[in-house]
Each structure stands twice: as structure tokens, then as C-alpha cells.
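Let's take a friendly walk through a protein structure together. Have a look at the picture and the sequence, and then we will go from one small spot to the whole fold.

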Amino acid sequence: MFQSGQTVQSAPRKPVMGKGIAHRGSLGFILMSTDLACEADLFAMAPAGVGIHITRLKTDDYTTNETLARHIDHMADAASRLQPDVKPSVISYCCTSGSIVCREENVFREIRKGAPYAQPMCIVTGVMDALREVGAKKIVVGTPYLDDVNTAEAEYLHAAGFDVLDIQGLRLETGVEFGMVEPSYWKEFALEIDRPEADAIFLSCGGIRSLEVVAEIEQAAGKPVITSNQAQMWSCMRRAGLMDELEGFGQIFKHPGNALAPTI
């Protein structure tokens with residue numbers, strides 16, 4: 001028994017060393033401080049042997065174009081905190097509307113500043129990768145956002161070559177509210193806004209619980225459903241050379257990733 005004043009002396013041992021949890025590779029993610037959904041989604045989708053490394057970006061819990069634009073100011077610092085010892089091969093910024101307001105090229109530049117060893121990514125890049133991969137041009141979009149954010153998103157997707165047949169938001173103001181909407185409502189909402197001529201349904205936002213019902217929506221709608229976290233994870237995995245075909249998270253994971261856009 002240890003007595004005060006004694007010096008601890010451990011016996012010599014030879015521990016059995018393995019390849020570690022992330023022996024197949026590591027992915028890094030920069031989440032909003034207000035996000036209630038993305039972290040759980042990422043760990044749910046992570047294949048065995050793939051490390052998921054997460055940091056948080058300080059954000060206002062009021063989502064407007066103005067508050068989203070401030071995310072870029074701290075992006076490089078957040079990227080620098082993502083396990084530099086294991087060097088994730090891809091680091092992604094996990095805010096769909098923030099990716100749009102800050103613009104992909106600016107996000108990539110700042111992530112490279114903080115983590116020059118990693119391929120930079122952001123959610124909206126993954127979303128557009130996924131939409132192109134499934135051959136979707138005409139889309140409907142459901143979001144939790146206010147309409148100034150919805151307008152910016154519609155403009156961004158239109159400029160990227162997508163026909164936005166409709167975009168509808170729940171007009172919620174805070175990230176905490178986003179994460180409190182029940183998955184069953186996202187299914188109801190998605191089917192409500194769907195149109196027969198739409199090639200795919202896109203549920204936008206990394207902070208919503210849409211991943212949990214994506215397979216149900218696809219079955220009911222008979223078409224691909226893309227969610228922000230699902231598309232981001234799929235694109236990051238394919239960019240890292242991880243070709244797993246995950247079950248239960250939508251048909252996008254059956255695709256190899258032939259339509260990935262360069263992150264320049």
C-alpha cells in the first residue's frame with residue numbers, strides 16, 4: 001500500500017502495441033460550438049478503423065449571413081487544433097450555410113493555413129459532390145434557416161449549375177433550435193416539399209437530425225436524398241481513399257466518388 005513520502009516504482013513491462021483505432025486513416029472536422037447533431041452523425045457513420053477528430057469553432061447562436069461570415073476569422077486556428085500528431089488526411093468545415101457565406105475557396109485557404117498537411121473540405125463541397133454523383137440537376141431543398149440565408153443558398157446552388165425547383169426553410173434562428181427538431185419532422189418536411197420532377201431532395205444543415213431518417217425518405221420518395229452530414233462524410237471518405245459502402249445512410253454510399261470536385 002502506498003504511504004505518503006514513498007516513491008512509486010513501476011515494474012518493467014512490454015506492452016502489446018497495435019495499429020491504433022485509426023489504423024485505416026483519420027478525418028478531421030471543424031464543428032460549430034452550437035451544433036447538436038453533426039458530431040453524433042459523424043461517429044455513427046465512421047467505419048471501423050477510421051479515426052474521427054473534432055474541434056469546435058466559437059459561433060454565435062443566431063444564424064444570419066452576418067454571423068456566418070465571422071466563422072472565417074477563426075478557421076485557421078480551429079484547423080491547427082485537429083490532432084496534428086496524427087495528421088488527418090482531410091479536414092472539413094461542418095457548416096453548410098457558413099460554407100456558402102464564407103465561400104469554399106476562402107475556407108480551403110484558411111484550413112490550409114492551420115493544417116497544411118491536410119486536404120481541405122467543407123460541407124457544401126461535399127453536398128455538390130454528392131448531388132453530381134447521383135446525377136441530380138433539378139433539386140428541392142429543405143432547411144432550418146431564415147430566408148436571407150435560404151436566398152444566399154439558392155443563389156450559390158444556382159450558380160453551381162443546379163436547378164433549385166423550391167427551397168423552403170423553417171425560419172428558425174439558433175443552432176440549438178436546429179438540433180431540437182425531431183427526425184420524424186424532417187421526413188415529413190422532405191416529402192412535403194418534394195416534386196415529381198426533382199432528381200433529388202437535399203436537406204441542408206449540419207446541425208439537424210435528418211441523417212436518422214434519410215433511408216426512410218429515400219424509400220418513400222423513390223429518389224436520392226442528400227443530407228449535409230451524410231454528403232460531407234461520403235466525400236471526405238472518398239477523398240481519403242476509403243471506399244466503404246455504408247448501410248442505412250442513403251444510397252450515396254454505394255457510389256465510388258467519380259464526381260469529386262478539386263478543393264483548390
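Our starting point is asparagine 150, which touches Thr143, Tyr145, Ile167 and Gly169 when residues up to four places away in sequence are not counted. Please keep in mind that you are looking at a predicted model. Asparagine 150 lies in helix α7, which covers residues 147-159. Is this residue buried or exposed? Its relative accessibility is 3%, and because buried means under 20%, asparagine 150 counts as buried. You can also find arginine 171 from here: the two residues are 21 apart in sequence, and their C-alpha atoms are 9.2 Å apart in space.

Now move to serine 99, a residue of helix α4 (residues 96-102). Serine 99 has 0% relative accessibility, so this residue counts as buried. Leaving out residues up to four places away in sequence, its contacts are Tyr93, Glu104, Cys122, Ile123, Val124 and Tyr156.

**The sheet**

In which order do the strands of the open sheet stand? The order of the 4 strands is β2-β1-β3-β4, and their pairing is parallel. Strands β2 (50-57) and β4 (119-122) are at the edges with a single partner strand each, so one side of each has no neighbour in the sheet. On average, neighbouring strands are turned by 20° against each other, direction ignored. As a general reminder, strands of a sheet pair through backbone hydrogen bonds, either parallel or antiparallel.

Here are two of the strand pairs, each with one residue pair to look for:

| Strand pair | Bridges | Residues facing each other |
|---|---|---|
| β1 and β2, parallel | 8 bridges | glycine 28 and histidine 53 |
| β3 and β4, parallel | 4 bridges | valine 90 and glutamine 119 |

Strand β1 is largely enclosed by the rest of the structure, because 7 of its 8 residues are buried.

Helices lie across this sheet too. Helix α6 (residues 123-133) lies across β3 and β4 and runs at about 80° to β4. Helix α11 (residues 228-239) lies across β1 (25-32), β2, β3 and β4, running at about 145° to β1.

**The core**

In soluble globular proteins, nonpolar side chains tend to be buried together. Here the largest nonpolar core has 79 residues, and the members that touch the most others are Leu27, Phe29, Ile30, Tyr93, Met233 and Phe253. Helix α6 gives the most to this core, with 6 residues. Phenylalanine 29 is a good residue to zoom in on: beyond its neighbours within four places in sequence, its contacts include Leu42, Ile52, Ile54, Leu82, Met233 and Cys236.

**The whole protein**

Finally, let's zoom out. The secondary structure comes to 11 helices and 8 strands. Of the 264 residues, 53% count as buried. The C-alpha trace spans about 75 × 35 × 35 Å along its principal axes. The radius of gyration is 20 Å, which agrees with the value near 18 Å that a compact globule of 264 residues would have.

How much of the contact network joins residues at least 24 apart in sequence? Among contacts between residues at least 6 apart, the share is 76%. The protein exposes about 12,100 Å², and carbon and sulfur atoms supply 51% of that area.

Key
Residues are numbered from 1 along each chain as its sequence is written. This is a predicted model: local features need pLDDT of at least 70, side-chain atom pairs count only at pLDDT 80 or more; totals for chains, interfaces and linings use all residues. Side-chain values use heavy atoms; hydrogens and water are left out. Helices (H or I, at least four residues) and strands (E, at least two) are DSSP runs, numbered from the N terminus. Buried means under 20% relative accessible area, exposed over 50%, partly exposed in between (1.4 Å probe, protein chains only). Contact means heavy atoms within 4.5 Å. Two strands pair if DSSP finds at least two bridges between them. Axes are lines fitted to C-alpha atoms, for helices over the stretch in contact, and angles run from 0 to 180 degrees between N-to-C directions. A nonpolar core is a set of buried Ala, Val, Leu, Ile, Met, Phe, Trp, Tyr and Cys residues joined through side-chain atoms within 4.5 Å. The radius of gyration is taken over C-alpha atoms; the globule rule is 2.2 Å times the number of residues to the power 0.38. Accessible areas come from the Shrake-Rupley method with a 1.4 Å probe; for residues, only the protein chains shown count as cover.
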